[in-house]
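Colleague: I have a bit of time to go through this one with you. Can we put it on the screen and talk through it piece by piece?

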Amino acid sequence: MLVLLLVYAGSLLVYADTCWFMLFLLLVYAGPLPADSRSFSIDYKNNCFQKDGKPFQYISGSIHYSRIPREYWKDRLLKMYMTGLNAIQVYVPWNFHETVQGVFNFAGDRDLEYFLNLANQTGLLVILRPGPYICAEWEMGGLPAWLLQKPNIILRSADTEYLKPASDWLAMLLTKMKPWLYQNGGNIISVQVENEYGSYFDVILFTTDGNTDKEMICGTLEGLYATIDFGTDTNITAAFIRQRRFEPKGPLVNSEFYTGWLDHWGDKHASVDTVKVSKMLGEMLSMGASVNMYMFEGGTNFGYWNGKSAISVYLFRSVVTSYDYNAPLSEAGDPTDKLLAIRDVIKNFRDIPVGPMPPATPKFAYGFVTLQKVLLDTLSPQGPVRSQYPLTFEEIKQYYGFMLYRTTLPRNVPEPTPLISPLNGIHDRAYVSVNGVFQGLMERDTALVMNVTGQQGDQLDILVENMGRVNFGSYINDNKGLLGNLILGNDVLTDWSIYPLDIDTAVANGWLQAADSGSAMEAGDGPMIYSGTLKSTGLAWDTFVKLNGWTKGQVWVNGVNLGRYWPQRGPQQTLYVPGPFLSATQPNNITVLELERAPSHRRILFMDRPQLNSTGQKT
């Protein structure tokens, strides 16, 4: 029996061990299929896929369960099915399921098998993409940050320090997935991996690469079926001619037809024209091509899961919290005009389900909530790690969020004196205080020097924020924290106390105390935590929180980390709050970590619509 195993080789590094490639070529066929058996295969004679012995064309859309609350999975899948899709494409982020090495989590929002079952019940086939590397603008491309505890590890290579944990991950995951294969009664028709794990199933292997000769030459392998991906800025005929040069027979496949694009902080909100998307989709389908639309719904980079793009060695840009992607389903899962146009195209090629499209989830404008400054009993229960020189996040096993580096001034500095990171070692932003007074910030690539003043022995605090690790390319070994010494004038700073901060646990456990009501709250006083209550209204509907006048930070609702806000940098101005995160009957706890400057009004606004397209002042 056969299931297709895709190999996304478009961005693979060259491996030193040639045996690594040889295992790709293990093609195993289990013999003739009984007439009533389920099968999925490549028909080279008729240039198509075959499902159960009949020609098959898939019309698929990408959806990431890790970016959508579990309570909404069924809603999103049903909307995709009612659009006329017969398949979905799904990434499995390794680091989402194995945050701690050897401890696998498939519960709650990580319950992949529940998601697959919902898709199966809905009538959707699945193209599974389990990595171990996925890109997806996801933190470190899905690779766990604990891999970087090995300082010399070569990721995505034949390095045994990488191969062993990657093999352990796939051995566990693919074993869980085997019952969900199409020939076993499930809905997985193909599995894409980047490495040599075809021995888990009876498989046909093929690759997916970008629309350039260089990527196709580097990514395709003898004996593996070669496919391609491209968006609306591409000549379809030229792209498929390129595929045919590498794969003369078999189905035409666009594995990632881009319906939109991602946003970085400081970008304009990405938009891809609906007319172009629908026109190109129709042209590809009329050629008999199978198409997966990336994305069909993007969702949200909750918490710290956003990735980062390496534009160059000295330019790194973090992906915003919203992964709306200008997709046919919005970040909140609402059908858009683009979805309706796509459905009208699909009607010309297959029968679509009868019945109305499920409506948008209800939204509510809850209004203003005023916050007050709060104190925390503790943010680092285990206390500091002491070191002569700075240590990275990975060395202290603090993989996400924030760490506090504390030392003292080695001498009097009555005049403004430069604090320098000479080797661009701020990864990614550092908020600097002396004796609790905010001095300013340092930032990777752009702000490596700032002035401080103080007296010998004054406490110097540097709060370092991890803005997400690089998810694509050769800079993926992206360590966080202070990656080198800091120099004050001519003095190398030493004798550090380093605090890994568990802010999420502190917020979730309610370790908050109201500050003295008489204490002054000054704007521009650096990192501070504020809290307030959204009163129950009898409704728990979706909403969007806007932080007008706030600068940069994180927001939690009832202990759930919504992600980063940065309205001054833009373009994203609101954060999505799914209804399931709220209580209809109990007060809702709101917590804000403001890193730079809070407004004097201390208000946040809950709206009934998003605002993703306003570019603020670049700071």
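Colleague: Let me start with a small detail: which residue in β4 does Q50 stand opposite?

Modeller: Bearing in mind that this is a predicted model, the residue that Q50 faces in β4 is P55.

Colleague: And how many bridges join β3 to β4, and which way do they run?

Modeller: Strand β3, which covers residues 48-51, is joined to β4 by 3 bridges, and the two strands run antiparallel.

Colleague: What sheet do they belong to?

Modeller: They belong to an open sheet of 3 strands, in the order β2-β3-β4, and the pairing is antiparallel. Its edge strands are β2 (40-43) and β4 (54-56), each of which pairs on one side only. On average, neighbouring strands of this sheet are turned by 45° against each other, if direction is ignored.

Colleague: Staying in that region for a second, is C48 buried or exposed?

Modeller: C48 has a relative accessibility of 13%, and it therefore counts as buried, since the cut-off for that is under 20%. C135 is also classed as buried, because its relative accessible area is 12%.

Colleague: How many disulfides turn up in the whole structure?

Modeller: The search over the whole structure comes back with 0 disulfides.

Colleague: Changing topic to the open space, what volume does the largest pocket have?

Modeller: The volume of the largest pocket comes out at about 830 Å³. Its lining is made up of 32 residues, and those that lie nearest the centre are R110, G303, W305, D504 and N561.

Colleague: Which elements supply at least two residues each to that lining?

Modeller: Those elements are α3 (94-97), α11 (503-508) and β33. The largest share of the pocket lining comes from α11, which gives 4 residues.

Colleague: And how does the lining of the largest pocket divide into nonpolar, polar and charged?

Modeller: The lining of the largest pocket divides into 17 nonpolar, 10 polar and 5 charged residues.

Colleague: What about enclosed space, so how many cavities of 30 Å³ or more are there?

Modeller: The count is 2 cavities of 30 Å³ or more. The largest cavity holds about 40 Å³ of space, while about 30 Å³ lies in the second largest cavity.

Colleague: Which residues line the largest cavity?

Modeller: The lining of the largest cavity consists of W265, L547, R564, Y565, P567, Q572, Q573, T574 and L575. Two or more of the lining residues come from each of β33 (560-565) and β34 (574-577). By class, the lining of this largest cavity has 5 nonpolar residues, 3 polar and 1 charged.

Colleague: Then which residues line the second largest cavity?

Modeller: The second largest cavity is lined by W261, L262, D263, H269, S322, Y323, D324 and Y325. Sorted by class, the lining of the second largest cavity contains 4 nonpolar, 2 polar and 2 charged residues.

Colleague: One last residue: where does V275 lie, and is V275 buried or exposed?

Modeller: V275 lies in helix α8, which spans residues 274-286. V275 counts as exposed because its relative accessible area is 56%, and the cut-off for that class is over 50%.

Colleague: And what separation do the C-alpha atoms of V275 and K338 have?

Modeller: The C-alpha atoms of V275 and K338 are separated by 8.1 Å, although the two residues are 63 residues apart along the chain.

Conventions:
Residues are numbered from 1 along each chain as its sequence is written. This is a predicted model: local features need pLDDT of at least 70, side-chain atom pairs count only at pLDDT 80 or more; totals for chains, interfaces and linings use all residues. Side-chain values use heavy atoms; hydrogens and water are left out. On a 1 Å grid over the protein atoms alone, a cavity is a set of points where a 1.4 Å probe fits but cannot get out, and a pocket is an open set with protein on both sides within 12 Å along at least five of seven lines; lining residues have an atom within 4 Å of a point. Grid points are joined across faces, edges and corners, and a volume is the space filled by probe spheres set on the points. Ala, Val, Leu, Ile, Met, Phe, Trp, Tyr, Cys and Pro count as nonpolar, Asp, Glu, Lys and Arg as charged, and the others, Gly among them, as polar. A disulfide is a pair of cysteine sulfur atoms within 2.5 Å. Buried means under 20% relative accessible area, exposed over 50%, partly exposed in between (1.4 Å probe, protein chains only). Two strands pair if DSSP finds at least two bridges between them. Axes are lines fitted to C-alpha atoms, for helices over the stretch in contact, and angles run from 0 to 180 degrees between N-to-C directions.
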